[in-house]
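Reader: I should like to learn how the interior and the empty spaces of a protein model are read. May we work through one case together?

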Amino acid sequence: MAYSVRRTTADEWRDYRELRLAALLDSPTNFGQTHEQALAIPDQTWQERAQTNAASDVQAFFVAVDDATGRLVGMWGVMPHNAHPGVHHVLGVYVRPEARGTEVARLLNQACVDFARTTDAKELTLLVRDDNDRGRRFYEREGFVLTGAKQPHNLDPSHNLLEMRYQYFR
């Protein structure tokens, strides 16, 4: 299969919403929001998010598209960290099961790294759940390192979110 990676567009908010909802069903422990919470978000909010992620100079979401079907098979976002000025944060990471093990994750990750480099960010970080060994290993292969910082997962405080920093950012 062939895949293309590109920035989301404002008018594909329904497709992005469907992908996000699928992600929350498939991998509920890897996000800070439940499927039920996401279902309750009004369409107008999804539209506003899509517009911002498509046009902002400081944040973006990228999607992987199956070239044969046009279906979105992965997403990856990057935006300024709310609590740490000068830091951009990778979030909303998901690849559908049928696209796992392909180049999709690597391409989406690189798109976010490249975008973050166009901003004034000095550092790029992400959070990975402590029991997500596959995700952590992927990030390590891509150049992220554990910082030692951690925080309880908001939906399951018995697990921590481990902070990782991209060591080749600047």
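Author: We begin with the term contact, which means that heavy atoms lie within 4.5 Å. The model before us is predicted. With neighbours within four places in sequence left aside, Leu124 is in contact with Val78, His88, His89, Val90, Val113, Ala116, Phe144, Met164, Arg165, Tyr166 and Phe169.

Reader: How should one read a nonpolar core, and which residues touch the most other members in the largest one?

Author: In soluble globular proteins, nonpolar side chains tend to be buried together. Here the largest nonpolar core has 29 residues, and those that touch the most other members are Trp76, Val104, Leu124, Tyr139 and Phe144. At least two residues of this core come from each of β2 (60–66), β3 (72–80), β4 (87–95), α4 (104–117), β5 (123–129), α5 (133–141) and β7 (156–166). The element that gives the most is α4, with 8 residues. Apart from this core lies another, of 17 residues, including Trp13, Leu19, Leu21 and Ala50.

Reader: Is Ala116, in helix α4, buried or exposed?

Author: Burial is judged against a cut-off: a residue is buried when its relative accessible area is under 20%. Ala116 has 0% relative accessibility and therefore counts as buried. Beyond residues up to four places away in sequence, Ala116 touches Val78, His88, Ala121, Leu124, Phe169 and Arg170. As for distance, the C-alpha atoms of Ala116 and Ser27 are separated by 25 Å, with their positions 89 residues apart along the chain.

Reader: Ala50 was named in the other core. Where does Ala50 lie, and which residues is it in contact with?

Author: Ala50 lies in helix α3. Its relative accessibility is 7%, so Ala50 counts as buried. Leaving aside neighbours within four places in sequence, Ala50 is in contact with Thr9, Ala10 and Trp13. The C-alpha atoms of Ala50 and Leu146, 96 residues apart along the chain, are separated by 31 Å.

Reader: A polar residue may also be examined in this way. Is His89 buried or exposed, and with which side chain does its side chain make a polar contact?

Author: The same cut-off applies, with buried meaning under 20% relative accessible area. His89, found in strand β4, counts as buried because its relative accessibility is 13%. The side chain of His89 makes a polar contact of 2.9 Å with the side chain of Thr125. Not counting residues up to four places away in sequence, His89 touches Gly77, Val78, Met79, His81, Leu124, Thr125, Leu126 and Leu127. Leu124 thus appears in the lists of both His89 and Ala116.

Reader: What of the opposite case: is Gly148 buried or exposed?

Author: Exposed means over 50% relative accessible area. Gly148, in strand β6, has a relative accessible area of 66% and is therefore exposed. The C-alpha atoms of Gly148 and Ala111, 37 residues apart along the chain, are separated by 26 Å.

Reader: How is empty space found, and what volume does the largest pocket have?

Author: Rolling a probe the size of a water molecule over the atoms shows where empty space is left. The largest pocket here has a volume of about 1,400 Å³. Its lining has 48 residues, of which Asn30, Phe31, Leu91, Gly92 and Val93 are the closest to the centre. Each of α1 (13–26), α3 (43–55), β3, β4, α4, β5, α5 and β6 (144–153) supplies at least two lining residues. The most come from β4, with 7 residues. By class, the lining divides into 20 nonpolar, 19 polar and 9 charged residues.

Reader: Where is Phe31 found, and is it buried or exposed?

Author: Phe31 is found in the loop between α1 and α2 (35–39). A relative accessibility of 5% is why Phe31 counts as buried. Not counting residues up to four places away in sequence, Phe31 touches Arg20, Ala23, Leu24, Met75, Gly92, Val93, Tyr94, His153 and Leu155. The C-alpha atoms of Phe31 and Ile41, 10 residues apart along the chain, are separated by 16 Å.

Reader: How many cavities of 30 Å³ or more does a search of the whole structure find, and which residues line the largest?

Author: A cavity differs from an open pocket in that the probe fits but cannot get out. The search finds 1 cavity of 30 Å³ or more, and the largest cavity holds about 30 Å³ of space. Thr8, Tyr16, Trp46, Arg49, Ala50, Asn53 and Phe61 line it. Helix α3 gives the largest share, 4 residues. This lining has 4 nonpolar, 2 polar and 1 charged residues.

Key
Residues numbered from 1 in each chain as written. Predicted model: local features only at pLDDT ≥ 70, side-chain atom pairs only at ≥ 80, totals over all residues. Heavy atoms only, no water. Core = buried A, V, L, I, M, F, W, Y, C linked by side-chain atoms within 4.5 Å. Buried < 20%, exposed > 50% of the residue type's maximum accessible area, 1.4 Å probe, protein only. Polar contact = N/O pair within 3.5 Å; in protein donor to acceptor, adjacent residues only side chain to side chain. 1 Å grid on protein atoms, 1.4 Å probe; cavity = no way out; pocket = protein on both sides within 12 Å on 5 of 7 lines; lining within 4 Å. Points joined across faces, edges and corners; volume = space filled by probe spheres on them. Nonpolar A, V, L, I, M, F, W, Y, C, P; charged D, E, K, R; others polar.
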